[in-house]
Every structure is written in C-alpha cells, then in structure tokens.
Amino acid sequence: MPRAKITALGCHVPAGVLTNHDLEQMVDTSDEWIIERTGIRERHIAPEGIATSDMAVEAAREALAQRGIEPASIDAIIVCTVTPDMFFPSTACLVQDRLGAKGAWGFDLVAACSGFVYGLTTGAHLVASGSHKRVLIIGADTMSRIINYKDRGTCVLFGDGAGAVLIEPAAEGEDAGFIGFLNEIDGSGGDYLKMPAGGSRLPATHDTVDQALHYVHQDGHQVFKYAVRKMHEACRELLERTGTKVQDVAVLIPHQANRRIITAAAERLGLPCDRVLINIDRFGNTTAATIPLATQDAITQGKLKKGDLVLFAAVGAGFTVGANLWRWAY
Ligand code: UT7
C-alpha cells in the first residue's frame with residue numbers, strides 16, 4: 001500500500017481587509033474586546049462578485065504551479081466548504097472546469113471548521129488505496145456571505161480565504177506522509193452553530209429573510225466549551241493511537257476559531273507556544289481555510305520543515321472533530 005504525502009500547498013485570500021476598527025463603526029464592539037476575547041485584529045473579505053470557487057481556483061493553481069504539474073493529471077478534487085457558490089453543481093465541479101482538470105472526479109465535503117482535516121483524511125486514503133495518484137484537497141470559505149454584520153456575537157469572528165494541498169504517493173521506503181487520523185461527529189451539538197434556513201427544512205421565503213435565518217447563528221459559549229475540551233482530547237487520543245510523544249510534535253496547526261481555544265488546548269497538551277501556529281490575528285476564522293493558511297505561515301516562519309511531525313486539529317459546527325498526524329515531506 002503506498003503512503004500518502006503532501007507535496008504542495010497554495011493559498012489565497014482576497015486583498016480587502018476588515019479591521020476591528022471598521023467593525024467598531026458597524027456594531028457595538030471594540031478593538032480591545034475583540035482582541036482580548038478572540039485574538040483577531042483583522043480579516044480578509046472577498047469583494048462583491050467573488051465566490052468560493054474563485055478563491056479555491058487561485059489556491060489550487062498556486063499548489064499546482066509549485067509542484068510544476070498540469071491540471072489534467074489530477075485524479076480527484078475535494079472542496080471542503082460550507083459556502084459553496086450554490087447548492088449544485090458542487091464547487092468541486094466548478095473548480096474542475098476552471099482548472100481544466102479533465103481527468104478528475106470530485107465532490108464537496110461539508111464539515112464546517114473540521115472540513116479541511118476531514119478532507120486530508122479522505123485524500124490520504126484515496127491515495128493510500130492505490131487508486132489515486134494526485135488528489136487536490138481544497139479548504140475554501142466565503143464566510144462574509146453568510147454573516148450578519150448586525151450581530152456582534154458572530155460578525156467579528158469570521159473572514160474569507162482558501163487553501164489547497166496536493167496529496168500524492170510517497171516513494172517506497174520514504175519516511176514521509178500520513179501517519180494517522182481521528183475524526184468524530186457529535187450531532188447533538190447541531191443547534192449551537194448553524195445556518196437555519198435555505199435548506200429543505202426552511203427554504204427561502206420572505207419570512208426567513210426577514211428573520212435573518214440565512215446567516216450564521218451561534219451559541220458561542222457552548223461551542224467554546226466543547227471546542228476547548230475536544231481540541232485537546234482529539235490530539236491526545238491521536239498521539240496515543242499512533243504511539244507518538246507530544247515532545248516529538250514539531251508543530252500543532254489548529255483550526256483558528258479563537259486564540260483562547262488554541263492556547264488552552266496547547267497548554268493541556270503540554271506544547272510550548274512556539275510549537276503552535278496562531279495566525280488568527282490576521283485572518284479571523286476562515287472555516288475550512290484556516291489550516292492551510294496556518295500551514296503556509298508555519299512553513300514561512302520555519303516552524304514546519306521537511307521531516308517534521310505536524311499535528312492538525314479542528315472542532316466545528318456539527319459538532320465535528322478532526323485530528324491528523326503527518327510527517328512533512330518537503
Ligand atoms: O470555528 C467554529 C467554532 N466556533 C468557535 O469555536 C467559537 C467559539 N466561541 C467563542 O469563540 C466565544 O464564545 C466568542 C468569542 C464568540 C464570545 O466570547 P465569550 O467570552 O464567550 O463572550 P460571551 O458570549 O460570553 O459574551 C460576553 C459578553 C456578553 O455581554 P453581557 O451579556 O455579559 O453583557 C456579550 O453580549 O460580551 C458581549 N459580546 C460582545 N461585546 C463586544 C459578545 N460579542 C461582543 C462583541 N463586542 N463583538
């Protein structure tokens with residue numbers, strides 16, 4: 001069985017920035033509150049007319065260019081998102097066409113903030129099965145399209161962005177690539193973070209629009225408590241399952257929802273701050289894109305190098321939980 005490894009990474013964020021000071025003009029909030037309670041200073045927002053597939057294509061093109069390969073050689077494309085351009089066709093179809101990835105099949109994966117980790121698990125297994133040689137996993141979300149900029153409890157948190165990785169088989173005997181995963185869902189938490197309308201339960205009506213039901217609704221406190229506990233538990237359990245010591249992990253790359261969730265998880269794991277990637281200050285919570293964006297920063301900052309053990313972890317709406325352990329290949 002071939003082992004799957006990550007061979008390239010591309011990211012894209014729109015140029016436009018929404019700062020905490022901008023938000024002070026929009027809702028009753030303050031730069032101090034947002035920084036202290038979340039760690040966020042600014043987030044990137046896509047201009048009108050730009051959708052999730054546009055950012056996904058940019059990120060994918062960068063990954064392919066980095067690896068120097070043609071789109072036609074891609075076997076599968078998985079787009080992890082909760083903000084598809086439309087219900088159908090899937091964003092994966094739109095991306096496949098725009099890239100010219102003529103040999104690829106694919107689908108959208110809906111797991112909210114855990115989307116990218118679920119995508120990594122899925123891509124790793126497609127490659128490890130021997131049936132796929134090149135799989136693109138894209139995490140992309142245009143959260144600004146489903147955020148109510150009158151709700152201070154959510155509008156300060158989210159931003160837009162995309163990231164893509166290429167997964168390919170490792171060479172025989174190569175000590176690089178996928179080591180293990182832990183994915184869970186706990187649907188009993190579904191009510192705490194959701195977009196209530198627009199699906200088959202509550203299709204769009206004047207009423208659903210008037211009641212602002214096409215936006216993100218969150219009970220932040222409940223999600224916070226669950227995330228703090230599960231980020232730590234998922235990491236701990238995956239390390240145990242794979243027989244890995246926490247001190248051997250070069251860097252933890254967690255989903256970026258709240259700085260306090262990340263530091264609490266790192267503290268409980270016993271990982272020093274310099275081995276945890278935090279970039280929520282610049283991007284906010286970009287849902288499925290946080291982990292690739294943070295991975296790019298880890299590489300740029302020299303925290304993630306060839307041969308390093310990297311632990312990815314996320315908790316999100318659903319509830320969904322995911323952790324992945326990889327030995328970095330380049
Ligand atoms: O990635 C998907 C998963 N999502 C998450 O992981 C998010 C998890 N939740 C959180 O990060 C935090 O719960 C929040 C950042 C959303 C909220 O922080 P908190 O420390 O839990 O605040 P809170 O909701 O308990 O609210 C405390 C106070 C409230 O005022 P009162 O009732 O005490 O008077 C809120 O109304 O802070 C108020 N508040 C704000 N004040 C200024 C809530 N949002 C804001 C705001 N600016 N933007």
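This is a short dialogue on reading the domains, the ligand site and some backbone features of a predicted model.

Colleague: Where do I start? Into which domains is the protein divided?

Modeller: Start with the broad division. The protein splits into domain 1 (4–169) and domain 2 (177–327). Their C-alpha centres are 14 Å apart. Domain 1 gives 50 residues to the contact, and domain 2 gives 46 residues.

Colleague: How do I read the area buried between domain 1 and domain 2?

Modeller: The general idea comes first. Interface size is often expressed as the accessible area lost when the parts come together. Here domain 1 and domain 2 bury about 3600 Å² between them. Carbon and sulfur atoms give 65% of that area.

Colleague: Which residues in domain 1 lose the most area to domain 2?

Modeller: Look at Cys113, Val117 and Tyr118. Together they make up 16% of what the domain 1 side buries.

Colleague: Now the ligand. How many residues surround the ligand, and which are the closest?

Modeller: Count any residue with a heavy atom within 4 Å. That gives 22 residues around the ligand. The closest are Thr29, Arg37, Cys113, Asn258 and Asn285. Cys113 has come up already, among the domain 1 residues that lose the most area to domain 2.

Colleague: From which domains does the shell draw its residues?

Modeller: Domain 1 and domain 2 each supply at least three residues of the shell.

Colleague: And which helices supply at least two residues each?

Modeller: Go through them in order. They are α2 (31–38), α6 (152–155), α8 (220–241) and α9 (259–269). The largest share comes from α8, with four residues.

Colleague: What is the make-up of the shell by class?

Modeller: Nine residues are nonpolar, nine are polar and four are charged.

Colleague: Which side chains have an N or O atom close to a ligand atom?

Modeller: Check the pairs of N or O atoms within 3.5 Å. The side chain of Arg152 places such an atom 2.9 Å from a ligand oxygen. The side chain of Gln218 has one 3.1 Å from a ligand nitrogen. The backbone takes part too: an N or O atom of Gly220 is 3.0 Å from a nitrogen atom of the ligand.

Colleague: How much of the ligand does the protein bury?

Modeller: Begin with the ligand alone, which exposes 940 Å². The protein buries 70% of that.

Colleague: Last, the backbone. Which peptide bonds are cis?

Modeller: Read omega. From Phe88 to Pro89 the bond is cis, with omega near 0°. Pro89 sits in the loop between β4 (76–80) and α4 (91–99). From Gly318 to Phe319 the bond is also cis, with omega near -10°. Phe319 belongs to the loop between β12 (309–316) and β13 (320–327).

Colleague: What about phi of Ala112?

Modeller: Check the sign and the residue type. Phi of Ala112 is near 50°, a positive value in a residue other than glycine. Ala112 lies in the loop between β5 (105–109) and α5 (115–128).

Key: Residues are numbered from 1 along each chain as its sequence is written. This is a predicted model: local features need pLDDT of at least 70, side-chain atom pairs count only at pLDDT 80 or more; totals for chains, interfaces and linings use all residues. Side-chain values use heavy atoms; hydrogens and water are left out. A polar contact is a pair of N or O atoms within 3.5 Å; within protein, one must be able to donate a hydrogen and the other to accept it, and residues adjacent in sequence count only if both atoms are side-chain atoms. Accessible areas come from the Shrake-Rupley method with a 1.4 Å probe; for residues, only the protein chains shown count as cover. Ala, Val, Leu, Ile, Met, Phe, Trp, Tyr, Cys and Pro count as nonpolar, Asp, Glu, Lys and Arg as charged, and the others, Gly among them, as polar. Domain bounds come from an automatic or database domain assignment. Contact means heavy atoms within 4.5 Å. Buried area is the accessible area (1.4 Å probe) that two parts lose on being put together, summed over both.
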